[in-house]
Amino acid sequence: MAEQVEEPAVRPSDPRGGPKILMRKRDGSYTWQVIAGSATLGLAVAAGAVLAAGPWDNGQRKAERALAVAADRTGGAHHGRTAPGGPRPAPSAAAVLPALGTSTRDAPQDTAGLRDALAPLVRAPGLGNKLAASVVDTATGEQLYGHGATTPMTPASTIKIATTTAALSVLGPDHRIATTAVLSPDSRTLTLVGGGDPTLTEADLRPMAADAAAALRGEDRKSVRLAYDVSRYTGPVLHPISPNDNIAPVTALMVNEGRLNGSDRGHAPRTDDPAGDAARAFARALEKAGVEVAGAPREARAAEGARTVATHRSAPLSALAERTLTNSDNDIAEALARQTAIAKGEKASFAGARRAVTNELKKLQVPVAGAHFADGSGLDREDRVTPALLTALLARAADPDRPGLRHVLTGLPIAGFTGTLDGRYGRDAAGTGLVRAKTGTLQGVNSLAGTVVDRQGRLLAFAFLASGSASAAEAEPALDALATALAGTGG
C-alpha cells in the first residue's frame, strides 16, 4: 500500500535571489556559497514562518529572508505575530545557522562519532531484515557514513527525488505544461489537446472555453464538434498496480488527477476514463460560454493545419516538483517522468521515461549503477536505487552552481509540519523542524531520504532504505530516529 500524502508545497522557492557568502575550502582557497539554499533548509525550525507561506518577494518568502539575517534567533517565539488567530509558536530549538564569520564547516568531521551514534539505531528490529544507508556532506560530497550504500534497494516513493531532479535538470524550473484547444481549418471541429498536465482543473477549462467561444463567434459559428487528443503519451495507460486509489490512468489529458472525491492529495477513488471526463467537462464549459456542442466528445488527433484558439499553462515545473515531493504525488511524478522523456527525444511511456531519467542522471554524474526506474512514482516494486545515488542527487540539488535543482530540497517535507512528515514527529520531538525528507512506504518497504543540518552547521544528505519490515508503524519511528540522530552529531 502506498503512503498517505499530506500537506502540499504550492510555492516554489528561488535561491538565485538570495545572498552569498565567501567560504574557505579545506585547500585554503575560497568559494562563494549561496546562503539562501542552506538557510531555507537550516531555518526549518522557524516553522511559523515556513507554514505562513508568504508574503512573497522575488521568489522568496519575506519571513524566511528576515530570519536568515537574524540567525541568532531561536524557535519557540511568535516571530512578531501578535494578531489573534495566528499560527501557534514553533517549538523551541537552538539556531541551526552559525552567525556570519563563525562557521565551523572547516572543522574535522567526526565520522567515528557519527558511526557510534547510528550503530545502535541501524539495528532496530522495526527496520526489518535489510537496511542500506548513506550520509554525505553536501558541501564536499564526502560520504561520512555508509552501510550497504551501493546496494540497490526498492526505494518506494523516495525515487521521486530522482524523477524530479531529472525533470528539473532537463526542462528547467520555469517550464510549464500547456493544454490547448485547436480549431480545424473548416472551423467545424474543436479539439482539446492534452499536454500532460495532471493538475488541470475544471476552473482552468472555463477561460479556455471562453477563448474558444470567442474564436468561434469570429467565424460566425454557434456550434462545433468536440474531440480530444491524448496522443502526446504512448504505451500502457495503466500503471502495473492499477486500478488503485494511489494513481489514475496515466494519460496526457485529465482533470484534477482523475480524482472523484474533490481531494487534491492522498488516496482517492479514481476515474477509469480521465481524458473523456476532461473533454466532457470542457464541453459543459463551452455550453455555458454560448457554444452548442454537437454530439458527445470523441477521441481523435487534432486536424492537420488546426490553429490554437485557447491555451492553459500549468504552474511552473518548480512548483510541480515541490508538490510531488511534499505530497508524494504519484500522478505528477509520472507526468514529470514523461515530460523528461519528451524533452530527451524518447517516447512518453513508462519505458521511454526510464531511459530518459537514467540518461539525464548520468549527465549529472551521479552513481546510477544498479538503478532501475520502472516508473516515476515508486509504486512499482521493480524500482531499484542505491542510498549513494539518492544522497548524490541531494548533494547536486544543494550545489550553489545548480540553482535550478534547488526545488528538490525546498520540496522535501518538514518533520512535524508539512506533507508526509506532518504527523510523524511530535511537537516536542528532537527532530521536529530539523529534518526535511522524502518518505517512502510500500508493504514491507520503508525509506527516508533528505537533509539535516548537524551541530557544526553542515548540511548533511542522508538516505535510509529498509526492507522486510513487519509494519510501517514500527519502521517509521526507527527511520525518524536515524535522521534525528544526525542533527545531534558533529559537535
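Biologist: Which residue in β15 does K130 stand opposite?

Modeller: K130 stands opposite S467 in β15. This is a predicted model, where local features need pLDDT of at least 70, side-chain atom pairs count only at pLDDT 80 or more, and totals for chains, interfaces and linings use all residues. Residues are numbered from 1 along each chain as its sequence is written, and side-chain values use heavy atoms, with hydrogens and water left out.

Biologist: What makes β5 and β15 a pair of strands?

Modeller: Two strands pair if DSSP finds at least two bridges between them. Strand β5 (residues 130-137) and strand β15 (residues 459-467) have eight bridges in the antiparallel sense, so they count as paired. The strands themselves are DSSP runs (E, at least two residues), while helices are runs of H or I with at least four, both numbered from the N terminus.

Biologist: Why is the sheet they belong to called open?

Modeller: Its five strands run in the order β6-β5-β15-β14-β13, with antiparallel pairing. β6 (143-147) and β13 (436-442) are at the edges with a single partner strand each, so one side of each has no neighbour in the sheet.

Biologist: What packs on the sheet?

Modeller: Helix α13 (residues 472-487) does, touching β5, β13, β14 (445-453) and β15. Touching here is contact, meaning heavy atoms within 4.5 Å.

Biologist: How do you know whether helix α8 is enclosed or not?

Modeller: We look at burial: a residue is buried under 20% relative accessible area, exposed over 50% and partly exposed in between (1.4 Å probe, protein chains only). In α8 (residues 317-327), 11 of the 11 residues are buried, so the helix is largely enclosed by the rest of the structure. Those buried residues pack against α5 (160-171), α9 (330-343), α12 (407-410) and β13. Just after α8, S328 has a positive phi of about 50 degrees.

Biologist: How do you know that R338 sits over the ring of Y233?

Modeller: The rule asks for NZ of Lys or CZ of Arg within 6 Å of the ring centre and within 35 degrees of the ring normal. The charged end of R338 is 5.7 Å from the centre of the Y233 ring, so the distance fits the limit. R338 also lies over the face of F350, 4.2 Å from that ring centre.

Biologist: What makes a group of residues a nonpolar core?

Modeller: The members are buried Ala, Val, Leu, Ile, Met, Phe, Trp, Tyr and Cys residues joined through side-chain atoms within 4.5 Å. The largest one has 40 residues, of which I161, L361, V366 and F373 touch the most other members. Helix α11 (residues 387-398) gives the most to this core, with seven residues.

Notes: Axes fitted to C-alpha atoms, helices over the stretch in contact; angles between N-to-C directions.
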